[in-house]
Amino acid sequence: MACAPDAYVDVNSDYYFREIVDIYRSSSTMEAATATIRHRLDQLHNVTLNIAVTGMAGAGKSTFVNAIRGIPHNDPQAAPTGVTETTMTPVKYDHPTMPNVKIWDLPGIGTTKHQAKTYVKHKKFETYDVFIIITSERFRENDVLLATAILKQKKLYYFVRSKIDNDVYAEQQINRYSEGQVLANIRWDCQKHLRDLGNPKVFLISSFYLEKYDFPQLIETLREDLPENKRLALIQSLPVYSTDILRMKCKQFRKMIWLTAFGAGAVAINPIPGLALACDFAIVLSFLGKVQKAFGLDDESLQRLAVRVNKPVCELKSAMNSRFKDGVNSDVVRQFLATPGITVAASVQFMMTFLVGVGTLVAGGMSVATVHYILNKGMAEMEEDAKAVLTVAQII
Ligand SMILES: Nc1nc2c(ncn2[C@@H]2O[C@H](COP(=O)(O)OP(=O)(O)OP(=O)(O)O)[C@@H](O)[C@H]2O)c(=O)[nH]1
Ligand SMILES: [Mg+2]
């Protein structure tokens, strides 16, 4: 009989566990507790995230919007980019796989103080969670005015200096500077123009190479600054541009696993015919489907990646080896849930230490622990697939 490696039990990811315990303590029945947990799961998965990208004409706003959605510039859903295209009005772009995440391409402010003030009013600032102010040269007075107005609305904002790849290339050709020197010079120049704001951090990025320069730091900073419930939406929605972001995605999803397991396993409203394990199949399927999309392993994402890296999609797909290589579908997940020989003792023991005094749960304990194991293992398998795809795509 196969014995599960302990790695998939992951008893340490106790995020939301206190909340789960509280829900059980305050619910009169197990059904009521499960309903509350499912409601909480819906809330967390449907949290909205609105990112506004703004800056002067030609700064690289639309290119950045496409890059963080993982969409090639020639995709039908792409924001138009180019040296002559101009974004005149705010345009909302849906995320390709997450309908609750919106990226807004906002035109920059004009040239007078008055325009900076009216900009705040006209652009419905309350809609946005975060502002990214982009420049491709040096930040100017208008950018400072805009940041001040955003700050007054108690919103998060970040300065981004784009097209760094161009600068590095040009300076290396002309002055034979090292990459480090070029970046230090640009940073110094940006800071000089932003002194009035108390030297905020500036992120130097290239939308063509997200894995290089400061984009990873921008995401880490954003992740830290956003409220916890928005973090999953941010991290889930980003394209997989490096192993670090993949790791970050796993970490963020792992926090959801106990909550999902309790939502699915404690009371089986939608049990699986022919399976001894009682759990809500739809919840398990939905979680694994979300992981698949976030890891860029669904057909649409693979297709977009194939265009981006100029490789046939079948070559990317052939790198996948897990049970999910042909997709996360009902048959595969049903088969997975039926897998015999799952050792969940450590998970059950962990649950029990937390759930002392909430004895009613015990009946569903085995199902919860098994679902917990399956979600962890499923995610680990897809992580391996994602790494293999990135290797073939020559991204890592
Ligand atoms: N090398 C390089 N070029 C970039 C980068 N970002 C944008 N560009 C180029 O800069 C030009 C302008 O980019 P857009 O994204 O259209 O700029 P925008 O701010 O949306 O422009 P408007 O809508 O006209 O205000 C395009 O030719 C892009 O390909 C980058 O990070 N690196
Ligand atoms: Mg544009």
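Hi everyone. When I say a residue is buried, I mean that its relative accessible area is under 20%. Please keep in mind that what we have here is a predicted model.

Let's start with helix α9, residues 228-237. Nine of its 10 residues are buried, so this helix is largely enclosed by the rest of the structure. The buried ones are E228, K230, R231, L232, A233, L234, I235, Q236 and S237. So you'll find charged names in that list as well as leucines, going by the cut-off of under 20%.

Two of those residues lead us to our next stop. L234 and I235 are both touched by I219, which also reaches L238, Y241, I245 and M248, leaving out residues up to four places away in sequence.

And what is I219 part of? I219 belongs to the largest nonpolar core, which has 91 residues. Together with F64, F215, V284, L288 and F295, I219 is among the members that touch the most others. Helix α17, residues 362-392, gives this core its largest share, 10 residues. Where does the core sit? Domain 1 (6-45 + 255-392) and domain 2 (49-237) both contribute residues, so the core lies between them. There is also a second, separate core of 26 residues, and Y128, V144, L146 and Y213 are included in it.

Hold on to Y213, because Y213 is also one of the contacts of D165, under the cut-off of 4.5 Å between heavy atoms. D165 sits in helix α6, residues 164-174. Apart from neighbours within four places in sequence, D165 is in contact with S206, F208, Y209 and Y213. Now, how far away is the nearest side chain of opposite charge? That is R161, at 7.9 Å, and D165 is buried without a salt bridge. What D165 does have is a polar contact of 3.1 Å, side chain to side chain, with S206.

For a change of scene, take Q153, in the loop between α5 (141-152) and β5 (156-161). Is Q153 buried or partly exposed? Q153 is partly exposed, at a relative accessible area of 38%. Q153 and E126 lie 27 residues apart in sequence, and their C-alpha atoms are 7.7 Å apart in space.

Last stop: helix α13, residues 299-309, where S301, L302, R304, L305 and A306 are buried. Right after α13 comes N310, with a positive phi near 55°.

That's my tour, and thanks for listening!

Methods: Residues are numbered from 1 along each chain as its sequence is written. Chains are lettered from A and ligands numbered from 1 in the order in which they are written. This is a predicted model: local features need pLDDT of at least 70, side-chain atom pairs count only at pLDDT 80 or more; totals for chains, interfaces and linings use all residues. Side-chain values use heavy atoms; hydrogens and water are left out. Helices (H or I, at least four residues) and strands (E, at least two) are DSSP runs, numbered from the N terminus. Buried means under 20% relative accessible area, exposed over 50%, partly exposed in between (1.4 Å probe, protein chains only). Lys and Arg count as positive and Asp and Glu as negative; His and the chain ends are not counted. A salt bridge is a side-chain nitrogen of Lys or Arg within 4 Å of a carboxyl oxygen of Asp or Glu. A polar contact is a pair of N or O atoms within 3.5 Å; within protein, one must be able to donate a hydrogen and the other to accept it, and residues adjacent in sequence count only if both atoms are side-chain atoms. A nonpolar core is a set of buried Ala, Val, Leu, Ile, Met, Phe, Trp, Tyr and Cys residues joined through side-chain atoms within 4.5 Å. Domain bounds come from an automatic or database domain assignment.
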